[in-house]
Amino acid sequence: RPDASNVNFGAGEARSNLAVVGVGSGGRVCVFSRSNAHLVVDVMGTFDTSTSWEAMKPQRVLDTRSRPANAKAAANSVVRVSLPTDATFAALNVTAADAEAAGYLTVFPCGAAIPKTSTVTFDAARATPNLAVVPVRSGTTCIYTSARTHIVVDLTGSTTSAAGFDAVTPERLVDTRIGTGGTRLAAGSTI
């Protein structure tokens, strides 16, 4: 087990993060928790070795703080994000900032149904980022927000070829809060 962490959290906090991990035998990955915690795992897609990403200096493509009158995205709304690329897939660092209530952001292809999974889970008034690798349609992607918040999006990479990346509709694999795929993790346990 590596010494590095993928998600750091405090007591009572909901935290999320995207992790790109190798898959073990039987198509499995392991998650270790140093503390008692519920666990939610969503699969977003898979890569193979033929995928070639265009590395780029992070470029800000959305910041609602710079809108007229500092306008936050409304609760239960969708924000369309234009990307300066002809990419098929993009890597985006998505941040919820200065939220007025706890909630979540979901990044998804514009024109598709809003998935029932979250990309960023956030608390009120706390800036919370997450990396998302998303399909791009006609140079855009969309973000749903469940609570009124500022949204900041930085483009960090892209590819114009779908070869080697198998995007799937996000699917919840584990949610120990409701008994899907296991129960609450005890301190020092692995699921």
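Start by selecting Leu105 and Val120: Leu105 has Val120 as its bridge partner in strand β6. This is a predicted model, in which local features need pLDDT of at least 70 and side-chain atom pairs count only at pLDDT 80 or more, while totals for chains, interfaces and linings use all residues. Residues are numbered from 1 along each chain as its sequence is written, and side-chain values use heavy atoms, with hydrogens and water left out.

Now widen the selection to β5 (103–108) and β6 (120–122). The two strands pair in the antiparallel sense over 3 bridges. A word on terms: strands (E, at least two residues) and helices (H or I, at least four) are DSSP runs numbered from the N terminus, and two strands pair if DSSP finds at least two bridges between them.

Add β3 and β8 and you have an open sheet of 4 strands, in the order β3-β8-β5-β6, with antiparallel pairing. Look at β3 and β6 for the edges, since each of them pairs on one side only. Neighbouring strands here are turned by 20 degrees against each other on average, direction ignored; the axes behind that value are lines fitted to C-alpha atoms (for helices over the stretch in contact), with angles running from 0 to 180 degrees between N-to-C directions.

While β5 is on screen, follow the chain into the loop between β5 and β6 and pick Gly111. Gly111 counts as exposed, at 76% relative accessibility. The cut-offs are these: buried is under 20% relative accessible area, exposed is over 50%, and partly exposed is in between, with a 1.4 Å probe and protein chains only. Then click Arg137: its C-alpha atom is 8.4 Å from that of Gly111, though the two residues are 26 apart along the chain.

Next stop, the aromatic rings. How many aromatic pairs does the count come to? Just 1, under a rule that pairs rings of Phe, Tyr and Trp (its six-membered ring) if their centres lie within 6.5 Å, with planes under 30 degrees apart called stacked, over 60 edge-to-face and the rest tilted. Select Tyr104 and Tyr144: the ring centres are 5.8 Å apart and the planes stand at 45 degrees, so this pair is tilted. Tyr104 is in β5 and Tyr144 in β8 (residues 140–145), so the pair ties together parts that are 40 residues apart in sequence. Colour by accessibility and you'll find Tyr144 buried at 12%, whereas Tyr104 is partly exposed at 33%.

Now go inside, to strand β4 (residues 89–97). Of its 9 residues, 8 are buried, so β4 is largely enclosed by the rest of the structure. Show β7 (residues 128–135) too: β4 pairs with β7 in the antiparallel sense over 8 bridges, and Val94 has Asn130 as its bridge partner there. Then bring up β9 (residues 150–159), which runs antiparallel to β4 and is joined to β4 by 9 bridges. To find your place in β9, look for His150 opposite Ala97.

Stay with Val94 and list its neighbours. Leaving out residues up to four places away in sequence, Val94 touches Leu105, Val107, Val120, Thr128, Pro129, Asn130, Ile143, Val152 and Val153, where contact means heavy atoms within 4.5 Å. So the residues from the opening of this tour, Leu105 and Val120, turn up again here. 

Which residues have the most contacts inside the largest nonpolar core? Select Leu92, Val94, Leu105, Ile143, Ile151 and Val153, out of 23 residues in that core. A nonpolar core is a set of buried Ala, Val, Leu, Ile, Met, Phe, Trp, Tyr and Cys residues joined through side-chain atoms within 4.5 Å. The elements giving two or more residues to this core include β2 (54–63), β3 (77–82) and β9, and β4 gives the most, with 4 residues.

Finish with the charges. The structure holds 9 salt bridges, each a side-chain nitrogen of Lys or Arg within 4 Å of a carboxyl oxygen of Asp or Glu. Try Asp98 and Lys72, whose closest N and O atoms are 3.3 Å apart. Asp98 lies in the loop between β4 and β5 and Lys72 in the loop between β2 and β3, so the pair ties together parts that are 26 residues apart in sequence. Lys72 is buried at 13%, while Asp98 is partly exposed at 42%.

Asp63 and Arg65 form another salt bridge, with the closest N and O atoms 2.8 Å apart. Last, select Asp42, Arg172, Asp175 and Arg177, which are linked in a network of salt bridges. Within this group, the closest N and O atoms of Asp175 and Arg172 are 3.8 Å apart; Asp175 is buried at 5% and Arg172 partly exposed at 29%.
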